[in-house]
Amino acid sequence: MNYLIAGLGNIGAEYAGTRHNVGFMTLDAWADDAGVTFQTQRYGDVAEISFKGRKLTLLKPSTYMNLSGNAVRYWMNKLNIPVENILVICDDLNLPFGTLRMRKKGSDGGHNGLKNIQELLGTQDYPRIRIGIGNNFQKGGQVNFVIGSMTDEEKAAMPEICKSVISGIKDFVTIGPDRAMNIFNTVKK
């Protein structure tokens, strides 16, 4: 079975370490841990991981967040992966920092990356993991918050958050989304 795991973010040094790039951070942590390297290809950086007989293609779109759907649709079609075997990882400012949610489908929640994926796939019915980044900003400060650098506390928490998300992805591909969601969707301590 093949899966496409798309971690959303923005390319470029100015975006590294920003809240909007938690999808990239998660896939980078997994690739480092698995000893695989990303190769720059069409619409993104791609790496492959095998896990318990499944082939997972990790994708970090190079299209910038608002056009993430171009990369997801291209790789989904190129690899002939059904929509239920896609898993999109992104930030969510509607969830407290570090809160994790897995869903089989849902609205874009105001997230431009998810909105573009939904438009280009023609459906909201694709699985996703949302990583809470909180909403600690003043009115009108949303953009600067999401593309702003994480605090030292947030950075320190990211390795553990990435580990939890990677564990959730492994459950998703082995025991299926329903059981994976039961394990994964816990309230932050």
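Reader: In helix H2 (residues 68–78), which residues are buried?

Author: In this predicted model, the term buried is kept for residues with under 20% relative accessible area. By that cut-off, the buried residues of helix H2 are Ser-68, Gly-69, Ala-71, Val-72, Trp-75 and Met-76.

Reader: Why do these residues of H2 lie on the same side?

Author: An α-helix has 3.6 residues a turn, so residues three or four places apart point the same way. The buried set includes Ser-68, Val-72 and Trp-75, and the buried residues are on the same side of H2 because the arc they cover around the axis is only 165°.

Reader: What covers the buried residues of H2?

Author: Strands account for part of the cover, namely E1 (2–7), E2 (39–41), E3 (44–51), E4 (54–61) and E5. The cover also includes a helix, and that helix is H3.

Reader: Which helix gives the most to the largest nonpolar core?

Author: In soluble globular proteins, nonpolar side chains tend to be buried together. Here the largest nonpolar core has 36 residues, and those with the most contacts inside it are Ile-5, Ile-129, Val-165 and Ile-169. The helix that contributes the most to this core, with eight residues, is H5 (residues 152–175).

Reader: How many residues are in the second, separate core?

Author: Among the members of this second core are Leu-8, Met-65, Val-72 and Cys-90, and Val-72 is also one of the buried residues of helix H2. Cys-90 is in contact with Ile-129, yet the core that includes Cys-90 is a separate one, and its number of residues is 18.

Reader: Which residues are the closest to the centre of the largest pocket?

Author: The largest pocket holds about 430 Å³ of space, and its lining divides into nine nonpolar, 11 polar and seven charged residues. Strand E5 (86–92), helix H3 (112–121), strand E7 (128–132) and helix H4 (142–146) each give two or more residues to that lining. Of the 27 lining residues, the closest to the centre are His-20, Gly-110, His-111, Asn-112 and Gln-142.

Reader: Is Asn-66 buried, partly exposed or exposed?

Author: Asn-66 is found in the loop between E4 and H2, where, leaving aside residues up to four places away in sequence, Asn-66 touches Asn-112 and Asn-116. Buried requires under 20% relative accessible area and exposed requires over 50%. Because the relative accessible area of Asn-66 is 45%, this residue is partly exposed.

Terms used: Residues numbered from 1 in each chain as written. Predicted model: local features only at pLDDT ≥ 70, side-chain atom pairs only at ≥ 80, totals over all residues. Heavy atoms only, no water. 1 Å grid on protein atoms, 1.4 Å probe; cavity = no way out; pocket = protein on both sides within 12 Å on 5 of 7 lines; lining within 4 Å. Points joined across faces, edges and corners; volume = space filled by probe spheres on them. Helix = DSSP H or I, 4+ residues; strand = E, 2+ residues; numbered from the N terminus. Nonpolar A, V, L, I, M, F, W, Y, C, P; charged D, E, K, R; others polar. Buried < 20%, exposed > 50% of the residue type's maximum accessible area, 1.4 Å probe, protein only. Arc of directions from axis to C-beta. Contact = heavy atoms within 4.5 Å. Core = buried A, V, L, I, M, F, W, Y, C linked by side-chain atoms within 4.5 Å.
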